[in-house]
Protein chains: 2
Amino acid sequence: MTRLLTMIRIGLLGCGTVGGGVVQLLRTNAASLEARMGAPFELVRVLVLDPSVVTLKELDRSCLTTDAERVIGDPSIDVVIEVMGGVDPTRDYVGRAIAAGKQVVTANKALLARHGAELLDRAHEHGVDMAFEAAVGGGIPIIRVVRDALAGDTISSLSGIVNGTSNYILSRMQADGMPFEAALKEAKEKGYAEANPTLDVGGGDAAHKLVVLAMLAFGARLDGVSILTEGIDAVEPVDHSFADRFGFVVKLLAIAKEHGKKLELRVHPTLVDKDAPLAGVHGVLNAIAIEGRALGPCFLSGRGAGAHPTAVSVVGDLVDVAIAKRNGTAGQRTRAIRLAKRELLPAEDIESRYYFRFSVFDRPGVLAKITGALGQRGVSIEQMVQQGRGSGDVPVDVVILTHESKEADVQAALDVIGKSDFVAKPPRMIRVHG
Amino acid sequence: MTRLLTMIRIGLLGCGTVGGGVVQLLRTNAASLEARMGAPFELVRVLVLDPSVVTLKELDRSCLTTDAERVIGDPSIDVVIEVMGGVDPTRDYVGRAIAAGKQVVTANKALLARHGAELLDRAHEHGVDMAFEAAVGGGIPIIRVVRDALAGDTISSLSGIVNGTSNYILSRMQADGMPFEAALKEAKEKGYAEANPTLDVGGGDAAHKLVVLAMLAFGARLDGVSILTEGIDAVEPVDHSFADRFGFVVKLLAIAKEHGKKLELRVHPTLVDKDAPLAGVHGVLNAIAIEGRALGPCFLSGRGAGAHPTAVSVVGDLVDVAIAKRNGTAGQRTRAIRLAKRELLPAEDIESRYYFRFSVFDRPGVLAKITGALGQRGVSIEQMVQQGRGSGDVPVDVVILTHESKEADVQAALDVIGKSDFVAKPPRMIRVHG
């Protein structure tokens, strides 16, 4: 341990946006970090694919290597920070770093969603810690808040806006009535969306983060679980204006709830009450609303991405795990996380209020057929609006808000209605929050 | 240390609302707390003024004592939790508990505002920790977020709604145009305001919390410092409606900013932009907006008071300091807090936008005199509204929003205008946020 008191030696896997931010923060905050730690941090080795493209002036180029073994296999390295992303080869690298007895910090939500429990088991076995604040919500200390809330409380539900790209697109559509494609194009131009935005707008990224959050909040073993995931690409400007008319905004929410013994996990576009804190989260911001049984509601928002915010979380974790190593208490935070298998609520058992938009030909009896099909399945209507009058073959929008209903009944009713001759397009359904 | 591994012994000073909540949480979460801790918590002694009034069924009455020494002086007690409130005798009790080598948890903002640095010095000297999450924002982990943000970042400013009573009153005035007295009466009926609400509506409670936050956020030694503090009692319904008309809401904000080497600390009613997250915080909720240099904006809200939310923070702190004691690392979190004297920005040097409401007799040349007096002091006007027309001796409201101005100039101009024969009442001034 004594060596540790004189210096904390760090190995970095990956040096892209976040990695670069970490390198810069370690440099700019060196003094305060050393004061807090009682010892300096030294970045000894950085794994990159191609050293020639790394231009960070804060970085001593002699640290650069293309050989992972020179990071993971170096016995003098105390903490390994993984900011490469992806599941392969990171699963192998992080696993080996743990097996080598190193403290680990990772920002990799995809890796944790697929292999988080496996890696935590491994960390448990080798008496080390794996910290992952940066995997969810960038610089927002969501993981800490969830973990700390659990010291004296239990969480009954959480819902969050955890994908900045989708939230930026939805915010632009809502504010300016932009179509999805135009908003996506703008997000790409501003660097808020990647060339291939599928993981963001398709909900996959939010689903990864939800799995990580739920693992921690409910002590659930969820590696590679598949959950209800719908993206925002089918949301049209008209849905935003109807939502507005009913007092809602459309947000991509990641929702986790305890349902007795079962766990309900879902990611989809959601109608959120205008007065709810989540409704006020615009642009690339992220946010999470936690419901603690004793704490009550707790809401947190901030920058969910970006080099520096995310690097702040990485460095915060770095300090925690380094202090644990210095104190000889490595592995303690791992042991505090107890994971058990939890059954997931089947999608058909979800209960929610629903928004439907039917594009129908305005013929006599159409409304009766729609309401009939819903009524037959016990889906009761709270509000119905028909937008204008269509002539024979020009369809009109009929929008319906339901009372609390069961997903299975809703799907069955929509199936029937969707097959009818009076509908011009497949029905549009959006779940309502709360 | 070995005894600690078998049990954590707790002494409780005070058993009112929060104390009762702590007793209940320790009971209801005993299993998960023991799992997290690796050892059970045992509440061994509880100091109260009058045992006969304590009716908590979760409490073994044999724990009750009216003799502080039986808590502080008991060498078998590991952690002392102070939830009595007030500065005397708590300053003495907490000081003695620290000197006796006990880990301390306190929810006492008044004590910390006056003697926080002194007690932290003492904790440093005796190698123990003093945790105080519950002193600010009830169950919202504001202290943790501020502390953790500092691991890899520095805070440039923070502003918060930290008094639920005032926020409830302002929310009711805003929503229903209620006068202050009526809203205060309602708050008392609902148990949101104490019989003597001076500390809440006068801003004193918020000032205490601001000092505690600033001490931590800026590493400043602020014991007993006096800061600009204005309450909400002078805010009238008409101010809410003018604020609304200009796109603001009125909130009691606690504001702390770094101003070069100096620190700007103030508590007062503030016009907050309707779109700002703080504007959406209604009723008894608390919230804080932090601006980190790397993190950017981070916003946190939740229940700022109440037995259970506050007790959740106390128990979270309890777990932290108990783990430190078990690990033999007590005093480490104290050593991580470094406090230095910081000069405060004099009130007259504050720069802000301002809202003025003048109740004037509608005579020719009055507006010229007002704008002249402001212009002479270099206070430039952004918007001006005259509400209707008054006849000779019925005054009318003239409301002005200024550009960024200096407090000293504003005060001087208001002084001149206030003395003029055309004003019916002293001018009303509210600072504008951001």
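**Exercise 1. Which residue of E3(B) stands opposite B:Leu47, and how is the sheet around this pair ordered?**

Solution. Begin with the pair itself: B:Leu47 stands opposite B:Thr65 in E3(B). This is a predicted model, in which local features need pLDDT of at least 70 and side-chain atom pairs count only at pLDDT 80 or more, whereas totals for chains, interfaces and linings use all residues; side-chain values use heavy atoms, without hydrogens and water, residues are numbered from 1 along each chain as its sequence is written, and chains are lettered from A and ligands numbered from 1 in the order in which they are written.

Next, take the strands that hold the pair: strand E2 (residues 41-47) of chain B and E3(B) are joined in the parallel sense by 2 bridges. Strands (E, at least two residues) and helices (H or I, at least four) are DSSP runs numbered from the N terminus, and two strands pair if DSSP finds at least two bridges between them.

Then widen the view to the open sheet of chain B, whose 6 strands follow the order E3-E2-E1-E4-E5-E6 with parallel pairing. Strand E3 (64-65) and strand E6 (130-131) of chain B each have a single partner strand, so one side of each is left without a neighbour in the sheet.

**Exercise 2. Describe the open sheet of chain A and the pairing of its strand E1 with E2.**

Solution. In chain A, 6 strands form an open sheet in the order E3-E2-E1-E4-E5-E6, and the pairing is parallel. Its edge strands are E3 (64-65) and E6 (130-131) of chain A, each of which pairs on one side only. Within this sheet, strand E1 (residues 8-13) of chain A runs parallel to strand E2 (residues 41-47) of chain A, with 6 bridges between them, and A:Leu13 stands opposite A:Leu47 in E2(A).

**Exercise 3. Trace the antiparallel pairings from strand E7 of chain B to strand E13 of chain A.**

Solution. Start at strand E7 (residues 155-161) of chain B, which is joined by 6 bridges to the antiparallel strand E12 (residues 285-292) of chain B; here the bridge partner of B:Ser157 is B:Glu291. E12(B) is in turn joined to E13(B) by 8 bridges, again antiparallel, and a hairpin of 3 residues links E12(B) to E13(B). In this pairing, B:Asn286 has B:Gly302 as its bridge partner. Finally, cross to the other chain: strand E13 (residues 296-303) of chain A and E13(B) run antiparallel and are joined by 5 bridges, with A:Gly302 opposite B:Cys298.

**Exercise 4. How many residues does each chain give to the contact, and what area is buried?**

Solution. With contact taken as heavy atoms within 4.5 Å, 40 residues come from chain B and 40 residues from chain A. The buried area, which is the accessible area (1.4 Å probe) that two parts lose on being put together, summed over both, is about 3,200 Å² between chain B and chain A, and carbon and sulfur atoms give 56% of it. On the side of chain B, the residues that lose the most area to chain A are B:Arg36, B:Ala151 and B:Leu295, together 18% of what that side buries.

For the overall confidence, the predictor gives the complex an ipTM of 0.91 and a pTM of 0.93.
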